[in-house]
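Here is a short, friendly tour of one protein chain. Keep the viewer open and follow along, moving from the overall layout down to single residues.

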Amino acid sequence: MSDKNLEEMSFTTRAIHVGAEPDPASGAIEPSIYMANSFLLPYDPSTMNWSASEANIYTRNGGVNQGMLEKKVANLHGGEDCVVLASGVAALSALFFTKLKKGDHVIFSTVTYIATYRIFNELWCEKWGIETSIVDCTDIEKIKAAIRPNTKLIHFETPGNPTCCICDIEAIVKLAHENNIQVSVDNTFSSPYNTRPLEYGVDFVVESLTKYINGHGDSMGGAIITDHETCEAIRYQAQVNIGGCISPFNAWLIQRGAATFPLRMQVHNDNALAVAEWLEKQPCVSFVAYPGLKSFKNHELAVKQMKNGFGGVLSFGLKGEHDLYNRVVTHLNVFTSAVSLGNTGSLIVFLGEDDERMYLYPEEFHGGFYRVAIGIEDKNDLINDLRQAFKAEGLETVD
């Protein structure tokens, strides 16, 4: 099937077929795994660019499986090009390393993944002399007030991890571009099935492929989706010369997972909304943070930006002391106490009062809370599992 024909087809069809052409050598209709770390050179290699990524030279420069996955992810995001690296954090670091230099100023959201927080709050400042400001990016006026003459980048997540806060992508992009500032968005919690930030004018999208696109909890990868020129710079500076390349096997696993990604994502969306609505009714629950709830701050903005659903992650608190959270988890049978998200199975993690970013979160989070990554099990089994765990600790529940 030609690329031109694929472009006219649905998101679901493209998730299966883009970058998954039959193997010309064997005729296999599913992608093979190319585990070689080096490739045959031409007759006279003396004039070759050893840091090039457009030809297969050395797998740190890029490999067959990586190239197939990059083509698929770029297509799903509606992007010109994509760089795939070893993890979501490798992708974040590669983007920031390539685009920022000493003396630049970055505005980043109060609610971000912990590695992003540490990069901008500690490491980049101390090691590279990059200035940073932590700003509530749900408030456009606060972003405007934080802009400096040397501001080069605004970075935020949609939704934010772990409070699920929603930033106005279109408004931030407009403000940024009026001030000659670029915008990067970590789209991991939403995925391209729900939100494609490039459609709002975002300059760079980062996605942890470990999560929904892979979807099986068995590999790691990260992607940067942007224009071809920037991707080439990232490949040269951060992939070839820093070396956070993805393994061919992990790229193959993620490529395989991507074929069912749209189907799984819709179930994540539906299940999470059902669980959030049930939790919101429980007398023992102190708060529920999920963009799909009508009571959630910026719910209408989430409806605008998240086209097919609100993702599979929610957070909630209990009315009780610290160890109640731990005891409830011991009674769960369907949920697993583990980090990450996007797996087929549901995960739950208790984040206590001493989390280093807690001071940046809304007041209701300060007593500790659960972050829950809803899987694709039967939603009634998920609700019943929570119900019986609450009851085991004497907590009141209602239908």
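## Overall layout

The chain splits into domain 1, residues 6–257, and domain 2, residues 262–393. Please keep in mind that this is a predicted model. The centres of the two domains, taken over C-alpha atoms, are 27 Å apart. Across the boundary, 40 residues of domain 1 touch 40 residues of domain 2.

## Nonpolar cores

How many residues does the largest nonpolar core have? It has 70, and at least three of its residues come from each of domain 1 and domain 2. If you would like to find the residues with the most contacts inside this core, select Phe96, Leu279, Leu314, Phe316, Leu318, Tyr370 and Phe390. Another core, of 45 residues, lies apart from the largest one; among its members are Phe11, Ala74, Cys82 and Ala251.

Leucine 318 is a good place to zoom in. Leaving aside residues up to four places away in sequence, leucine 318 is in contact with Cys284, Val285, Ser286, Leu324, Tyr325, Val328, Tyr370 and Phe390. Two of these names, Tyr370 and Phe390, also appear in the list of residues with the most contacts inside the largest core.

## A pair of packed helices

In general, two packed helices are described by the angle between their axes and the distance between the axes. For helix 4 (residues 88–99) and helix 9 (residues 228–240), the angle is about 100 degrees and the axes are 9 Å apart. An angle from 65 to 115 degrees counts as roughly perpendicular, so that is the description for helix 4 and helix 9.

Which residues make this contact? Helix 4 contributes Ala94, Leu95, Phe97, Thr98 and Lys99, while helix 9 contributes Thr230, Ala233, Ile234, Gln237 and Ala238. Sorted by class, the contact of helix 4 with helix 9 has six nonpolar residues, three polar ones and one charged one.

## Serine 109 in strand 2

Serine 109 belongs to strand 2, which covers residues 105–109. Is serine 109 buried or exposed? Its relative accessibility is 2%, so serine 109 counts as buried, the cut-off being under 20%. Apart from residues up to four places away in sequence, serine 109 touches Ile134, Val135, Cys137, His155 and Phe156.

## Backbone features worth a look

Most residues other than glycine have a negative phi, and most peptide bonds are trans. With that in mind, have a look at the loop between strand 4 (151–157) and helix 7 (169–178), where proline 159 is found. Threonine 158 and proline 159 are joined by a cis peptide bond, with omega about -15 degrees. Proline 162 lies in the loop between strand 4 and helix 7 too, and the peptide bond leading to proline 162 from asparagine 161 is cis, with omega near 15 degrees.

Cysteine 164 is also placed in the loop between strand 4 and helix 7. Its phi is near 65 degrees, a positive value in a residue other than glycine. Cysteine 164 has a relative accessible area of 1% and is therefore buried. Further along, asparagine 180 sits in the loop between helix 7 and strand 5 (182–186). Asparagine 180 has a positive phi as well, near 60 degrees. Is asparagine 180 buried or exposed? With a relative accessible area of 70%, asparagine 180 is exposed, the cut-off for that class being over 50%.

Conventions. Residues numbered from 1 in each chain as written. Predicted model: local features only at pLDDT ≥ 70, side-chain atom pairs only at ≥ 80, totals over all residues. Heavy atoms only, no water. Axes fitted to C-alpha atoms, helices over the stretch in contact; angles between N-to-C directions. Helix = DSSP H or I, 4+ residues; strand = E, 2+ residues; numbered from the N terminus. Parallel < 35°, antiparallel > 145°, perpendicular 65-115°, else oblique. Contact = heavy atoms within 4.5 Å. Nonpolar A, V, L, I, M, F, W, Y, C, P; charged D, E, K, R; others polar. Core = buried A, V, L, I, M, F, W, Y, C linked by side-chain atoms within 4.5 Å. Buried < 20%, exposed > 50% of the residue type's maximum accessible area, 1.4 Å probe, protein only. Domains from an automatic or database assignment.
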